[in-house]
Amino acid sequence: MDQLIDDERRGSGKRYFSRGGVKFALLTLLESEPMHGYQMMKALEEQSGGLYIPSAGSIYPTLQMLVRRGFTAVMDEEGGKKVYRITDQGRTALKLLSNKTKSDAAENERYAPQAESFRNDKIRMKLGLSHASYDLLRLVKQAEQEASASMERKERLQRLINDQHQQLKAFLASREHDAAAAAREVILASK
């Protein structure tokens, strides 16, 4: 049991889950029903809204470690697929991890900013936005939330957004105008 908790303290780098989070997530999934590794990968992807796409290289070694430690067991199914189920020892570990996760979050939130940064980068890349554009969207969202408390602030924000909307439309229209002017120059030059 201590080994599972110690494993949470190792590792570094940007990640979707905090340390030990994949183990916790897998045990949580298995608590509801036995699953194939692929089912768990799909469930984690769906739960994250597509922000976390687990790889076999991260899930299967974690499942093997959970089996070695007695937290999960493997049942063979027809077709040779392995079905994992949580054991009583795994349920106990899940409770301990749940309590530890809550106390760690209260004591030390150093992984929360990394996870938030990871999620923001994934969203930004999925939208195909630069950092500046994504930051602007986040500011608009924050401003809308804050403006909802006051009708005056709400109206002021709406005017600001309308102004920016018009400027962006003008920017895009100028591109079309520039393209048309360049095409006219090419035609005139070819005569």
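**Briefing: sheet, helix packing and three residues**

In this predicted model, three strands make up an open sheet in the order β1-β3-β2, with antiparallel pairing. β1 (35-36) and β2 (72-76) occupy the edges, and each has a single partner strand, so one side of each is left without a neighbour in the sheet. Helices α2 and α4 are described below with respect to the sheet and to one another, followed by the residues T62, E31 and T87.

**The sheet and the helices packed on it**

- β2 and β3 run antiparallel and are joined by five bridges.
- Within this pairing, V74 has Y84 in β3 as its bridge partner.
- Helix α2 packs on the sheet and touches β1, β2 and β3. The direction of α2 makes about 90° with that of β3.
- Helix α4 also packs on the sheet, where it touches β2 and β3. The direction of α4 makes about 105° with that of β2.

**The contact between α2 and α4**

- The axes of helix α2 (residues 21-32) and helix α4 (residues 56-68) come within 10 Å of each other and cross at roughly 75°. Angles of 65 to 115 degrees count as roughly perpendicular, and α2 is therefore roughly perpendicular to α4.
- On the α2 side, the contact involves V22, K23, L26 and L27; on the α4 side, it involves I59, T62, L63, M65 and L66.
- Sorted by class, the residues of this contact are seven nonpolar, one polar and one charged.

**T62, in helix α4**

- T62 is located in helix α4. Its relative accessible area is 15%, and buried means under 20%, so T62 is classed as buried.
- Apart from neighbours within four places in sequence, T62 is in contact with V22, K23 and L26. These three residues are also among those that α2 brings to its meeting with α4.
- T62 and L26 are 36 residues apart along the chain, and their C-alpha atoms are separated by 8.6 Å.
- The side chain of T62 also reaches the backbone oxygen of S58, at 2.7 Å.

**E31, in helix α2**

- E31 belongs to helix α2. With a relative accessible area of 41%, E31 is partly exposed, because that category lies between the limits of 20% for buried and 50% for exposed.
- Sequence neighbours within four places aside, E31 is in contact with I86 and L94.
- E31 and T72 are 41 residues apart in sequence, and the C-alpha to C-alpha distance between them is 9.9 Å.

**T87, between β3 and α5**

- T87 is placed in the loop between β3 (82-86) and α5 (88-107).
- T87 counts as buried, at 14% relative accessibility.
- A polar atom of the T87 side chain lies 2.5 Å from the backbone oxygen of G70.
- G70 is also one of the contacts of T87 once neighbours within four places in sequence are left aside; F71, T72 and A73 are the others listed.

Notes
Residues are numbered from 1 along each chain as its sequence is written. This is a predicted model: local features need pLDDT of at least 70, side-chain atom pairs count only at pLDDT 80 or more; totals for chains, interfaces and linings use all residues. Side-chain values use heavy atoms; hydrogens and water are left out. Axes are lines fitted to C-alpha atoms, for helices over the stretch in contact, and angles run from 0 to 180 degrees between N-to-C directions. Helices (H or I, at least four residues) and strands (E, at least two) are DSSP runs, numbered from the N terminus. Angles under 35 degrees count as roughly parallel, over 145 as roughly antiparallel, 65 to 115 as roughly perpendicular and the rest as oblique. Contact means heavy atoms within 4.5 Å. Ala, Val, Leu, Ile, Met, Phe, Trp, Tyr, Cys and Pro count as nonpolar, Asp, Glu, Lys and Arg as charged, and the others, Gly among them, as polar. Buried means under 20% relative accessible area, exposed over 50%, partly exposed in between (1.4 Å probe, protein chains only). A polar contact is a pair of N or O atoms within 3.5 Å; within protein, one must be able to donate a hydrogen and the other to accept it, and residues adjacent in sequence count only if both atoms are side-chain atoms. Two strands pair if DSSP finds at least two bridges between them.
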